[in-house]
Amino acid sequence: MIISVKVKKKKENDIFIVTENIPLDKALKFSGIAGTGGQAKMLIQDGLVKVNGEVCLSRGKKLKDKDYFEFENVIYNIKKN
């Protein structure tokens, strides 16, 4: 019996910033995941967003160059422009 497993690679997107950092809630809005700050806050408080691989419950978490966040199996890489 042969068992085959396929591992699906996560989709990745890059977000370019010109400032030193961007708060997580603003990154969610900027990426189009959330339409408003209130929606971003709810997604974060519900534990649906990971930052650098760990669930983050702080909407003010500062993301800087080389950080990443994940939502619904899509990774968003923060890159300083």
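**Exercise 1. The core**

Which residues touch the most other members of the largest nonpolar core?

*Solution.* Start with the model itself. This is a predicted model: local features need pLDDT of at least 70, side-chain atom pairs count only at pLDDT 80 or more, and totals for chains, interfaces and linings use all residues. Residues are numbered from 1 along each chain as its sequence is written, and side-chain values use heavy atoms, with hydrogens and water left out.

Next, fix the terms. A nonpolar core is a set of buried Ala, Val, Leu, Ile, Met, Phe, Trp, Tyr and Cys residues joined through side-chain atoms within 4.5 Å. Buried means under 20% relative accessible area, exposed over 50%, and partly exposed in between, with a 1.4 Å probe and protein chains only.

Now read off the result. The largest core has 19 residues, and L24, L28, V49, L63, F69 and I78 touch the most other members. Two or more residues come from each of β1 (11-17), α1 (24-30), α2 (37-45), β3 (49-51), β6 (68-71) and β7 (74-80).

Take I78 as a probe of this region. Leave out residues up to four places away in sequence; I78 then touches I15, I17, I22, L63, K64, D65, K66, D67 and F69. Contact here means heavy atoms within 4.5 Å.

**Exercise 2. The whole chain**

Give the order of elements, then the global values of the chain.

*Solution.* Count the elements. The chain holds two helices and seven strands. Both are DSSP runs numbered from the N terminus: helices are H or I with at least four residues, strands are E with at least two. Their order from the N terminus is β-β-α-α-β-β-β-β-β.

Then take the extent. The C-alpha trace spans about 55 × 30 × 20 Å along its principal axes.

Add the surface. Of the 81 residues, 31% count as buried. The exposed area is about 5,800 Å², with 52% of it from carbon and sulfur atoms. Such areas come from the Shrake-Rupley method with a 1.4 Å probe; for residues, only the protein chains shown count as cover.

Check the contact range. Among contacts between residues at least 6 apart in sequence, 51% join residues at least 24 apart.

Finish with charge. There are 16 positive and 10 negative side chains, and the centres of the two sets lie 2 Å apart. Lys and Arg count as positive, Asp and Glu as negative; His and the chain ends are not counted. Each charge is placed at NZ of Lys, CZ of Arg, CG of Asp or CD of Glu.

**Exercise 3. The sheet**

What is the strand order of the open sheet, and which strands are at its edges?

*Solution.* Write the order: β1-β7-β6-β3-β4, five strands with mixed pairing. Two strands pair if DSSP finds at least two bridges between them. The edges are β1 and β4 (54-55), each of which pairs on one side only.

Go pair by pair.

- β1 and β7 run parallel, joined by seven bridges. K11 has V74 as its bridge partner in β7.
- β6 and β7 are antiparallel over four bridges. F69 stands opposite Y76, Y68 opposite N77, and F71 has V74 as its bridge partner.
- β3 and β6 are antiparallel over three bridges. K50 stands opposite E70.

Look at cover last. In β7, five of the seven residues are buried, leaving the strand mostly covered.

**Exercise 4. Positive phi**

Locate E72, N52 and K66, and give the phi of each.

*Solution.* Begin with E72. E72 belongs to the hairpin of β6 and β7, which has two residues between the strands, and has a positive phi near 50°.

Move to N52. N52 sits in the loop between β3 and β4. Its phi is positive, near 50°, in a residue other than glycine. N52 is partly exposed, at 34% relative accessibility.

End with K66. K66 lies in the loop between β5 (62-64) and β6. Its phi is positive at about 80°, although K66 is not a glycine.

Is K66 buried or exposed? K66 counts as exposed because its relative accessible area is 70%. From K66 to K80 the C-alpha distance is 8.1 Å, and the two are 14 residues apart in sequence.
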